[in-house]
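Student: I have a model open and would like to work through its packing. Can we go step by step?

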Amino acid sequence: MKQNISVITLGVSNLERALIFYRDGLGFKTDGIIGTEFEHGAVAFFDLQSGLKLALWENESISHDTGLPAHQGHTATNLTIGHNVSSIDEVDSIMSEASQAGATIIKPAAQTFYGGYAGYFSDPDGHLWDVVYNPQWVEQESA
């Protein structure tokens, strides 16, 4: 299997609410909800970086598409989405922006055991975001 992820899909309970959180609250760019003409087709896509998209799709639609029951064994600790940034100030800024958008701050940003700085927030559906400044990664990216 080629090591290339092109779409991360988050199951959401309310697509419109999730769209507002990511588009209006966090400033993610999107064309809005598409596919509403199809049963179980409504989805919102966001371009994250070259070759990677974030999709928001209702849990019921994912359940219909896969044949699995909705929320089968889901807990917040099954998956985190890491967002690495270039400074401590950027971590604080993003955590504040997420909180103002309606996110729940799970763990306020603080120094980490590896010399970095990080905090966790969850979106309105409980998906965990880990906002991280890792000084080792910043040095590697600039080399």
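The questions below take up the nonpolar core and then one helix of this predicted model.

Student: Which residues touch the most other members of the largest nonpolar core?

Tutor: This core holds 24 residues. Ranked by how many other members they touch, the top ones are Tyr22, Phe46, Leu56, Val91 and Phe121.

Student: Which element gives the most to this core?

Tutor: Elements giving two or more residues include the strands β1 (7-12), β3 (43-49) and β4 (52-58). The helices α1 (15-25) and α3 (88-101) are also among them. With five residues, the top contributor is α1.

Student: What is Tyr22 in contact with, leaving aside its neighbours within four places in sequence?

Tutor: Tyr22 is one of the core residues that touch the most other members. Beyond those sequence neighbours, its contacts are Leu10, Gly27, Phe28, Phe46, Leu54, Leu56, Asp123 and Trp129.

Student: What span should α3 have, and how far apart are its end C-alpha atoms?

Tutor: α3 has 14 residues. At 1.5 Å a residue, the expected span is 20 Å. That agrees with the separation of the end C-alpha atoms, 20 Å.

Student: Why do the buried residues of α3 line one face?

Tutor: The buried residues are Val91, Ile94, Met95 and Ala98. They pack against α1, β5, β6 (104-111), β7 and β8. Seen down the helix axis, the buried residues line one face because they fall within an arc of 100°.

Student: Which exposed residues does the face of α3 turned away from its buried side carry?

Tutor: Val91 is among the buried residues of α3. On the face turned away from the buried side, the exposed residues are Asp89 and Gln100.

Definitions and conventions:
Residues numbered from 1 in each chain as written. Predicted model: local features only at pLDDT ≥ 70, side-chain atom pairs only at ≥ 80, totals over all residues. Heavy atoms only, no water. Core = buried A, V, L, I, M, F, W, Y, C linked by side-chain atoms within 4.5 Å. Buried < 20%, exposed > 50% of the residue type's maximum accessible area, 1.4 Å probe, protein only. Helix = DSSP H or I, 4+ residues; strand = E, 2+ residues; numbered from the N terminus. Contact = heavy atoms within 4.5 Å. Expected span 1.5 Å × (residues − 1). Arc of directions from axis to C-beta.
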